[in-house]
Structures are given as structure tokens and as C-alpha cells.
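User: Hi! I'm new to reading protein structures, and I'd like to learn how to describe the way helices pack. Could you walk me through an example?

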Amino acid sequence: MLLDNTSAIVTGGASGLGSATARALAARGVRVVAVDLEVGQAPEIDGVAYVQTDVTEPAQVQAAVDRAAEAGPLRTVVNCAGIAPSMRILGKKGPHDLDAYATVVKVNLIGSFNVLTLAAEKIAANEPLDDGQRGVVVNTASIAAYDGQVGQAAYASSKGGIVGLTLPAARDLAQYGIRVNTIAPGIVETPMLATVSEEFRAGLAAGVPFPQRLGRPDEFAQLALAIIEHDYLNGEVIRMDGALRMAPR
């Protein structure tokens, strides 16, 4: 799919995977609307407009979708927004807090579905390109969907939902010429890891078969662009993890 003179929505676009993806899309001539809960510290990037948005709120997402379409045509969505708290099902303080579990699922899974759904309606109104293609959605899961560790019940559930959503969403939206794919990253050097020590990060990197390092946000962005531009790739989940399979803890 050609990207020049189109628009895109990137969630979680103020930092980490989302910021790298927004930057990569803008470099291809895409007008990017990057949405996030906090956008005050977001880097200034030519071609990227930031909109403070809660992805779980339909009205806020609709406003972001409308803004992107005005700069459009809107043809690309990359869902990167997510949270990753840790809590055991039975811990020292008792059972897993149900509200905490629901919040993770709401942000990671329902938020992604909300953006996908509202953006798909707008994308479906585009003029079709070759083979009737109108746009593409790239969601973000995690290898925790397959190899969830101790304390990741909520996170793994939410990301497993993203994996399970991929094929039926691709099938649902096929009639409108909209592809849906998912990236399942391994351990990537994002702000989520900024609070841990260099020694701890080195330990994480040592567990990756090859290359024996943490992933980089720009590598996620590179893969997202490859998926967007590969017109026959649809309904697929791609692990980006250096062949890592997570241990129980």
C-alpha cells in the first residue's frame, strides 16, 4: 500500500514503540495523528500531530479519527497504547484485584478494539486502491500472549485477546479492503524498562538467543512499515523477539 499523502493514527504515540512508528510513518510522507494519555513531553516530529486521547473512550477516539481523516485519506492504524502492571493471582496481599485486572484488559484489548472499530468505519469510506485495498490496521500483542510469566495474568490475558482478535477482525473487514495484522514483540528497550538497572537489562538481554540484546523501538517501526506495505499479509501475528521463549519467571 502506498503511503504518500495519506494519514495514520498511532496510539501510544508519545513514546516508545508508538513514537518510533509515528516517526517512521512521517518520514514516508504520512500525516500522523499520534494519540496518548499524556502528550506534553512528546518529541516534536515533522508531520506528527499529538492528540491527548484515552483509547477506551469512544468519543475521544472518534475525535482523533475525524482529525486524521481530515488530513487523510486515513489508511493506516497502528495500536501501541498499553499498560503492563504485575500482580499474582494469589499474592502476599491476597487475591488479584479484579479492578486492576479489568483495567489492563480495558486499556490493552478493549482500547485497541475501540480504535480499530472506529477507524475501520472511516477507512471503509476511502476510494479503493489496487485489489480493492483501502487500509491496514497493525495491533500490538506481546510474546506474553504465549509465554506469560508469573505476575502477568492480566497482561497476558489482554495480549492473548489481541492475538485472538487478529484473524476474525481480518475476516470481518476483508469485504471493505482493510487488512489486520499483529506484532508480538519480545523485550524491547522502551520507557517501561527505563526504571530498572542496567544490570537487570543486561540479564534480560542475555536470555535472548540471537541477537543477544534487547529489541529497539525502531525495529518495531520497521516491521510495522513492512506489514503496511506488504499487500498480501493479512490475519497474521508476527513475533519480534530474537527467538526468545520466556521462562516462568
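User: How are helix 2 and helix 3 oriented relative to each other?

Analyst: A good habit is to look at the angle between the two axes. This is a predicted model, and in it helix 2 (residues 58–71) and helix 3 (residues 98–123) pack at about 40 degrees. Angles under 35 degrees would count as roughly parallel and 65 to 115 as roughly perpendicular, so helix 2 and helix 3 are oblique to each other. Their axes lie 10 Å apart, and the crossing of helix 2 with helix 3 is right-handed.

User: Which residues of helix 2 and helix 3 meet?

Analyst: From helix 2 come Pro58, Val61, Gln62, Val65, Asp66 and Ala69. Their partners in helix 3 are Asn114, Val115, Leu118, Ala119, Glu121 and Lys122. Sorted by class, this contact of helix 2 with helix 3 has seven nonpolar, two polar and three charged residues.

User: Let me try another pair. At what angle do helix 1 and helix 7 pack?

Analyst: The angle is about 55 degrees, and the axes of helix 1 and helix 7 are 8 Å apart. That angle makes helix 1 oblique to helix 7. Their crossing is right-handed.

User: What classes of residue make up the contact of helix 1 with helix 7?

Analyst: Start with the names. Gly16, Leu17, Ala20, Thr21, Ala24 and Leu25 in helix 1 meet Pro217, Asp218, Phe220, Ala221, Ala224, Leu225 and Ile228 in helix 7. By class, that gives ten nonpolar, two polar and one charged residues.

User: Thr21 is on that list. Why does Thr21 count as buried or exposed?

Analyst: Burial is judged by relative accessibility, with under 20% as the cut-off for buried. Thr21, in helix 1, has a value of 1%, so Thr21 counts as buried. Setting aside neighbours within four places in sequence, Thr21 is in contact with Val10, Val78, Cys80, Phe220, Ala221 and Ala224.

User: And what covers the buried residues of helix 7?

Analyst: First, see which ones they are: Pro217, Glu219, Phe220, Ala221, Leu223, Ala224, Leu225, Ile227 and Ile228 are buried in helix 7. Their cover includes helix 1 (16–27), strand 4 (74–79), strand 7 (135–140), strand 8 (178–185) and strand 9 (237–240).

User: One last thing: how far does helix 7 reach from its first C-alpha to its last?

Analyst: Compare the span with what is expected for the number of residues. Helix 7 (residues 217–229) has 13 residues and reaches 19 Å, close to the 18 Å expected at 1.5 Å a residue.

Terms used. Residues are numbered from 1 along each chain as its sequence is written. This is a predicted model: local features need pLDDT of at least 70, side-chain atom pairs count only at pLDDT 80 or more; totals for chains, interfaces and linings use all residues. Side-chain values use heavy atoms; hydrogens and water are left out. Helices (H or I, at least four residues) and strands (E, at least two) are DSSP runs, numbered from the N terminus. The expected span of a helix is 1.5 Å times one less than its number of residues. Buried means under 20% relative accessible area, exposed over 50%, partly exposed in between (1.4 Å probe, protein chains only). Contact means heavy atoms within 4.5 Å. Axes are lines fitted to C-alpha atoms, for helices over the stretch in contact, and angles run from 0 to 180 degrees between N-to-C directions. Angles under 35 degrees count as roughly parallel, over 145 as roughly antiparallel, 65 to 115 as roughly perpendicular and the rest as oblique. A crossing is left-handed if the near helix is turned anticlockwise from the far one by less than a right angle, and right-handed if clockwise. Ala, Val, Leu, Ile, Met, Phe, Trp, Tyr, Cys and Pro count as nonpolar, Asp, Glu, Lys and Arg as charged, and the others, Gly among them, as polar.
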